[in-house]
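Morning, everyone. Please have the structure open on your screens. I'll walk through two places where parts meet.

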Amino acid sequence: MIWWKHSISFLSASIDRWFSAALRIGALLAALIMLFILLFLLLESWPVLRHIALMRFFTDEAWHPLEDQYNLLPMVTGTLYASSGALLLAIPLGIASALFMIFYATPRTAVLYRRLIELLAGIPSVVFGFWGLTTLVPLINQWHPPGASLLASILILTLMILPTLALTSYAALVAVPKDYLQAAVALGLSRWGMIYGVALPAARKGIVAGILLAAGRAIGETMAVLMVAGNVVQHADSLFAPIRTLTANIALEMAYAMGDHRAVLFVSGLLLLLLVIALTIIAAWFGKTHHV
Amino acid sequence: MRWMKSIGAATIMLVLMSLTLSTFASSHKLVLTGSSTIAPLAIELGRRFESLHPGVRVDVQTGGSSRGINDTRKGVADIGMVSGVLKSAEQDLQAFAIALDGVGIIVHASNPVTTLTNRQIVGIFTGRITNWQEVGGHDARITLVNKAEGRSTLESFLAYFQLKNSEIKSHIVIGDNQQGIKIVSGNPHAIGYVSIGAAAYDAQRGVPIKLLTMDGVAATVANVRNGTYPLSRPLNLVTRLPPTGLVKQFIDFARSKQTHDLVEAQYFVPVSVD
């Protein structure tokens with residue numbers, strides 16, 4: 001402690017200036033990296049963007065890059081179906097887990113449960129994918145072939161984003177000031193009334209941020225989905241139909257692609273980035289307008 | 001502040017040391033890029049070559065046959081790995097076959113079907129035959145496993161059966177051989193095609209898959225060797241110019257008798273020239 005006291009007093013004259021400069025540089029770097037990624041994607045996809053009309057990526061007959069057909073739309077819907085399906089399942093489950101930890105479980109159970117969820121968050125995606133491929137897909141196959149399907153990818157994605165949702169919702173709910181809850185109790189609200197009327201609205205911003213994070217992960221997940229989705233390029237007409245996501249498309253074909261084929265894969269990367277940007281904008285708008 | 005300076009100095013020293021070390025190490029380096037079918041064999045070949053030629057480092061990177069061709073043309077790689085016969089547009093490169101590999105049709109081990117004619121295979125892959133009953137199996141829907149666009153196994157398969165990829169009505173699209181074997185071993189009604197080498201290797205180790213007899217010829221390494229199995233392809237090393245020096249030494253080594261055990265360990269058929 002004495003050493004630190006000495007050190008702080010010794011540095012205090014210039015440390016602020018240095019520190020703020022270092023932070024500025026750090027922030028600038030982070031922004032530049034994002035900009036460079038966008039620039040890189042544009043640069044790599046430029047060769048095809050120049051001689052293929054933009055509409056062709058949505059109106060071509062199918063995705064057969066070696067036969068000059070570049071329809072990306074089935075992969076966009078594949079990505080959207082899989083991630084929104086997973087969110088639909090994981091949001092209620094995640095928030096319910098968080099509520100259970102804070103309002104219903106005994107402290108000891110709550111700690112144990114939270115550790116378990118944290119463990120789930122740490123499992124690498126390829127392990128989920130492998131489990132899906134060897135267990136979940138054959139199971140669904142017995143029910144309705146071919147097994148590798150939209151349903152399998154939704155279930156795997158749900159497992160993967162559930163811990164993110166549960167932990168962020170938990171953090172948001174824990175941060176709700178104790179006074180609010182005490183006031184609610186004092187007003188004679190039931191436990192559910194307190195949760196629904198006070199805790200959830202007060203934690204809304206944090207929960208929405210968690211959902212956004214989870215959605216980003218669901219859209220960007222590659223390996224696990226690649227292993228269970230079937231990867232057939234088509235608009236899914238049922239839960240049991242195989243789909244291909246944008247990320248899986250890049251991972252499957254990038255290593256083998258040359259020329260136009262390669263550049264089109266960068267276009268699908270660009271599309272993915274635009275999708276995530278759109279999501280961020282929607283979330284920002286949601287955070288601003290829907291006040292309680 | 002003094003301790004910070006010494007840490008800084010130590011870091012700079014470390015960086016400089018690793019830089020000098022890496023420049024020394026890369027003085028004799030062979031870079032191979034291309035086909036993922038050949039890569040496991042090339043890594044083994046490289047290991048043995050390194051032990052025979054101290055100071056030489058062999059760097060193997062995958063990325064598909066088309067990358068092998070591209071990198072060799074550009075001079076990024078010393079040697080490209082290309083599976084399949086070179087196309088007419090690729091005749092500017094020198095090709096040296098180091099092994100033969102067949103592409104075999106695989107199904108689950110519990111599937112009663114053991115043989116298919118070419119017509120039946122084409123029927124199944126174009127969606128005209130959708131039930132195993134039509135080719136002598138159980139009453140169950142066929143699950144078709146196809147390879148992703150650009151893979152050389154897909155190209156060999158399409159070329160042999162004179163199909164276009166857009167005609168294939170697949171249910172599952174996969175990347176490499178291993179993924180195909182995993183899917184077929186987990187699905188009793190699936191059919192797919194993979195490198196015979198990879199399938200034979202796994203079937204030997206108890207994975208529940210079997211290779212089908214195609215048009216009366218069993219898909220075995222022996223039949224690929226004697227040339228009776230029709231759907232086979234050479235595994236090539238390619239160079240831009242006639243090879244000299246270290247590149248020539250490596251290619252000669254890869255085609256010599258002293259590497260046959262490595263080729264056979266991958267369930268490929270050795271091609272020998274000496």
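**Two domains, two chains**

In chain B, the centres of domain 1 and domain 2 are 27 Å apart, taken over C-alpha atoms. Keep in mind that this is a predicted model.

Where do these domains lie along chain B? Domain 1 comes in two stretches, 29–99 and 234–270. Domain 2 is 101–226.

Now, how many residues does each domain bring to the contact? Domain 1 of chain B brings 13 residues, and domain 2 of chain B brings twelve residues. Together the two domains of chain B bury about 1000 Å² between them. Of that area, 54% is on carbon and sulfur atoms.

Next, the charged pairs. Between domain 1 and domain 2 of chain B there are two salt bridges. Please find B:Lys87 and B:Glu155. Their side chains meet in a salt bridge, at 3.5 Å from N to O. As for polar contacts, one residue pair counts between domain 1 and domain 2 of chain B, with both residues at pLDDT 80 or more.

Stay on the side of domain 1 of chain B that touches domain 2. Two elements of chain B, α10 (260–265) and β12 (269–270), each supply at least two residues of that side. By class, the side has seven nonpolar, four polar and two charged residues.

Zoom out now. Let's go to the two chains.

How many residues of chain B are in contact with chain A? The count is 30 residues of chain B, against 28 residues of chain A. How do people put a size on an interface? Often they give the accessible area lost when the parts come together. Here, chain B and chain A bury about 2300 Å² between them, with 60% of it on carbon and sulfur atoms.

Which three residues supply the most on chain B's side? They are B:Glu149, B:Arg151 and B:Val173. These three supply 25% of the area that chain B buries against chain A.

How many salt bridges are there between chain B and chain A? The count is zero. Polar contacts do turn up: six residue pairs between chain B and chain A, both residues at pLDDT 80 or more.

Which elements of chain B should you look at? Try α3 (65–74), β7 (172–174) and α6 (177–185). Each supplies at least two residues of the side of chain B that touches chain A. That side has eight nonpolar, 15 polar and seven charged residues.

One last recap. Zero salt bridges between chain B and chain A; two between domain 1 and domain 2 of chain B. Thanks, everyone.

Methods
Residues numbered from 1 in each chain as written. Chains lettered and ligands numbered in written order. Predicted model: local features only at pLDDT ≥ 70, side-chain atom pairs only at ≥ 80, totals over all residues. Heavy atoms only, no water. Contact = heavy atoms within 4.5 Å. Buried area = accessible area lost by both parts, 1.4 Å probe. Salt bridge = Lys/Arg side-chain N within 4 Å of Asp/Glu carboxyl O. Polar contact = N/O pair within 3.5 Å; in protein donor to acceptor, adjacent residues only side chain to side chain. Helix = DSSP H or I, 4+ residues; strand = E, 2+ residues; numbered from the N terminus. Nonpolar A, V, L, I, M, F, W, Y, C, P; charged D, E, K, R; others polar. Domains from an automatic or database assignment.
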